[in-house]
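Hi everyone, thanks for coming. Please have a look at the sequence and the structure on the screen, and then I'll walk you through a few parts of it.

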Amino acid sequence: MAEKAIYEPSGKKNILVSAAAGSGKTAVLVERIIRMLTREENPVDADRILAVTFTNLAAAEMKTRINAALTELIEQSPDDRRLRRQQLLMERAHIATISSFCLDVVRENFSTLGLSPDFRAMDEQEKSA
């Protein structure tokens, strides 16, 4: 199943990787993203990636692993400008939790949604009160 998620041709459809904790979802997504960023024909720019997870830890882990893989590839091919560009674009990659991604969308569209520009999300203490 993991190989199918990694090797499914990009651009034909979106994929959803859903499995139990500790089953390797992050590794699958990292490998798929690295392949998309580094393919010879029609590479995807890192800032065009959207990967959402359920936890901040998983999102941070995914970013760390992608950056580490790019660093390793750059060490192997130090003159590859595409790899260096991808690593710079990783700063703007959309790798986050589902809730933080949704909050960003609302922040960017508060006016269209009829919200005050100073709206805020409820924190955990307010939610449990």
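Let's begin with two strands: β1 and β2 pair in the parallel sense, over four bridges. Strands here are DSSP runs of type E with at least two residues, helices are runs of H or I with at least four, and both are numbered from the N terminus. Two strands count as paired if DSSP finds at least two bridges between them. One residue to look for is Leu-50, which stands opposite His-94 in β2.

Before going on, a word on where this comes from. This is a predicted model, where local features need pLDDT of at least 70 and side-chain atom pairs count only at pLDDT 80 or more, while totals for chains, interfaces and linings use all residues. Residues are numbered from 1 along each chain as its sequence is written, and side-chain values use heavy atoms, leaving out hydrogens and water.

Back to β1. In a regular strand, side chains alternate between the two faces of the sheet. Here Ala-51 and Thr-53 point to one face and are buried, whereas Leu-50 and Val-52 point to the other and are not buried. Buried means under 20% relative accessible area, exposed means over 50%, and partly exposed is in between, with a 1.4 Å probe and protein chains only.

Thr-53 has a relative accessible area of 7%, so this residue counts as buried. A polar atom of its side chain lies 3.0 Å from the backbone oxygen of Thr-55. Beyond its neighbours within four places in sequence, the contacts of Thr-53 include Ala-59 and Met-62; contact means heavy atoms within 4.5 Å.

Those two residues take us to helix α3, where Ala-59, Met-62, Ile-66, Leu-70 and Ile-74 are buried. Seen down the axis of α3, the buried residues fall within an arc of 105°, so they line one face of the helix. That arc is taken from the directions from the helix axis to the C-beta atoms. What covers these buried residues? The cover includes α2, β1, α4 and β2. The face turned away from the buried side carries the exposed residues Leu-57, Thr-64, Glu-75 and Gln-76.

Last stop: Gln-86, in helix α4. Is Gln-86 buried or exposed? At 3% relative accessibility, Gln-86 counts as buried. Its side chain reaches the backbone oxygen of Val-44 at 2.7 Å, and a polar atom of that side chain lies 2.9 Å from the backbone oxygen of Leu-37.

Technical notes
Polar contact = N/O pair within 3.5 Å; in protein donor to acceptor, adjacent residues only side chain to side chain.
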